[in-house]
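Me: I should like to work through this structure step by step. Please let each reply end on the item requested.

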Amino acid sequence: MVSSQSKYDIEYIYGEFGDTYTIQILNDDGTSADISWANRAKLTVLDMDGNVLFSVTTEDASPLVIATPNVRWPMLAAQTAASSYDGKIEVQVKLTTYSGGETRKRLTKVFDGFIYKNKVT
């Protein structure tokens, strides 16, 4: 993970893996969001043209973990090296809860991010 402060909400180095990236979900007023209602999450990373670079969910073998107010992403090499993209990205975190097969509540947060091919941390 990139350890220096940045203008981006999420950033990492291409091919980075083995750590857990914590993504804090905030309310519109900047306070920590209570996302304890969510039982499913999906993280999608898109390039600036809207092409999906990769996505990961709470159902995957190495799943996202919801721990209010955070979503924790255990980074896998196959995810972060999903393309050779280098530059600004859009990150979407979708949180949902289901009951009887239908969606009861959903929240989508959009973050600005950056993927570095090489960066000294």
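Me: In what order do the 5 strands of the open sheet lie?

Reply: This is a predicted model. In it, 5 strands make up an open sheet whose pairing is mixed. The edge strands, each pairing on one side only, are S1 (10–13) and S4 (52–57). From one strand to the next the twist averages 25°. The order is S1-S8-S7-S3-S4.

Me: How many bridges join strand S7 to strand S8?

Reply: Strand S7 covers residues 87–99 and strand S8 residues 102–116, and the two run antiparallel. Leu95 stands opposite Leu107 in S8. The number of bridges joining S7 to S8 is 13.

Me: Is Ile23 buried or exposed?

Reply: Ile23 lies in strand S2, which spans residues 20–24. A residue counts as buried under 20% relative accessible area. Because the relative accessible area of Ile23 is 5%, this residue is buried.

Me: How far apart in space are Ile23 and Leu43, C-alpha to C-alpha?

Reply: Ile23 touches several residues beyond four places away in sequence, including Leu43, Val93 and Phe111. In sequence, Ile23 and Leu43 are 20 residues apart. Their C-alpha to C-alpha separation in space is 10.0 Å.

Me: Which element gives the largest share of the largest nonpolar core?

Reply: The largest nonpolar core has 24 residues, and Tyr12, Ile25, Leu43 and Trp73 have the most contacts inside it. Elements giving two or more residues to this core include S1, strand S3 (40–47) and strand S6 (70–74). The largest share, 4 residues, comes from S7.

Notes:
Residues numbered from 1 in each chain as written. Predicted model: local features only at pLDDT ≥ 70, side-chain atom pairs only at ≥ 80, totals over all residues. Heavy atoms only, no water. Buried < 20%, exposed > 50% of the residue type's maximum accessible area, 1.4 Å probe, protein only. Contact = heavy atoms within 4.5 Å. Pairing = 2+ DSSP bridges. Axes fitted to C-alpha atoms, helices over the stretch in contact; angles between N-to-C directions. Core = buried A, V, L, I, M, F, W, Y, C linked by side-chain atoms within 4.5 Å.
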